[in-house]
Amino acid sequence: MTAFTLRDAREDDAPALQRIYADAVLHGTATYEIVPPDAAEMLNRWRTLTSQGYPYIVACDASGEVVAYAYAGPFRARPAYRWSVEDSIYIDPAAKGQGLGRMLLERLVELSQELGFRQMIAVIGGADHQPSIRVHARAGFRHIGIFEGSGFKFGRWIDTVFMQLELNGGKSTLPDETRYPGTLL
């Protein structure tokens, strides 16, 4: 197995993020976008999330090249959802099958817990996207539903799988609304 290192994403990672994401847009169902955004838009998305305190990480191979990335962002825009994050993971095709999804997800869960979030939601494009479903299940996510025929891409209807992981006790205790993410209003 190739050694990978994880680190926080930086502005100069935007071209790598764009390259990896473009492949997912053009060849996969992990995203329902149809046209890949350019590097400037990827940088804008990174800035938006990180400026709000959300975690955004990359995986680098032994030569330092970014080969995968993951982030947690708002599950929905309404303030009552501020305790929940949605995870996103994208891996360069040449780096798939080497445990990067697991590594990135584990670290993303750790960072989200440290920040005080209570729920992490996986919104998986395609009920047939077994690698993503498996990595989430192995990390403790439970299946909470399928939004049938919710996406149309590559000339076919695609189901969306929802999985959920409780963080920091989930709904068993009340959060401290004076601390992040309670202040995300």
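This tour of a predicted model goes first to helix 2 and its surroundings, and then to a histidine in helix 4.

Begin by selecting residues 39–51, which form helix 2, and measure from one end to the other: the end C-alpha atoms are 18 Å apart, which agrees with the 18 Å that 13 residues should span at 1.5 Å a residue.

Next, colour M42, L43, W46 and L49, which are the buried residues of this helix. They lie on the same side of helix 2, because they cover an arc of only 130° around the axis. An α-helix has 3.6 residues a turn, so residues three or four places apart point the same way. To see what this buried side meets, display helix 1 (14–27), strand 2 (56–60) and strand 3 (66–74), against which the buried residues of helix 2 pack. Then turn to the face directed away from the buried side, where the exposed residues A40 and S51 are carried.

The two ends of helix 2 deserve a separate look. At the N-terminal end, select D38, which caps the helix with a side-chain oxygen that lies 3.2 Å from the backbone nitrogen of A40. After the helix comes G53, whose phi is positive, near 95°.

Finally, move to helix 4 (residues 130–138) and select H136 within it. Is H136 buried or exposed? With a relative accessible area of 3%, H136 is buried, because the cut-off for that term is under 20%. To show its surroundings, add D87, L105, A122, I124, F141 and M163, with which H136 is in contact when its neighbours within four places in sequence are left aside.

Definitions and conventions. Residues are numbered from 1 along each chain as its sequence is written. This is a predicted model: local features need pLDDT of at least 70, side-chain atom pairs count only at pLDDT 80 or more; totals for chains, interfaces and linings use all residues. Side-chain values use heavy atoms; hydrogens and water are left out. Helices (H or I, at least four residues) and strands (E, at least two) are DSSP runs, numbered from the N terminus. Buried means under 20% relative accessible area, exposed over 50%, partly exposed in between (1.4 Å probe, protein chains only). Contact means heavy atoms within 4.5 Å. The expected span of a helix is 1.5 Å times one less than its number of residues. The arc is that of the directions from the helix axis to the C-beta atoms. A polar contact is a pair of N or O atoms within 3.5 Å; within protein, one must be able to donate a hydrogen and the other to accept it, and residues adjacent in sequence count only if both atoms are side-chain atoms.
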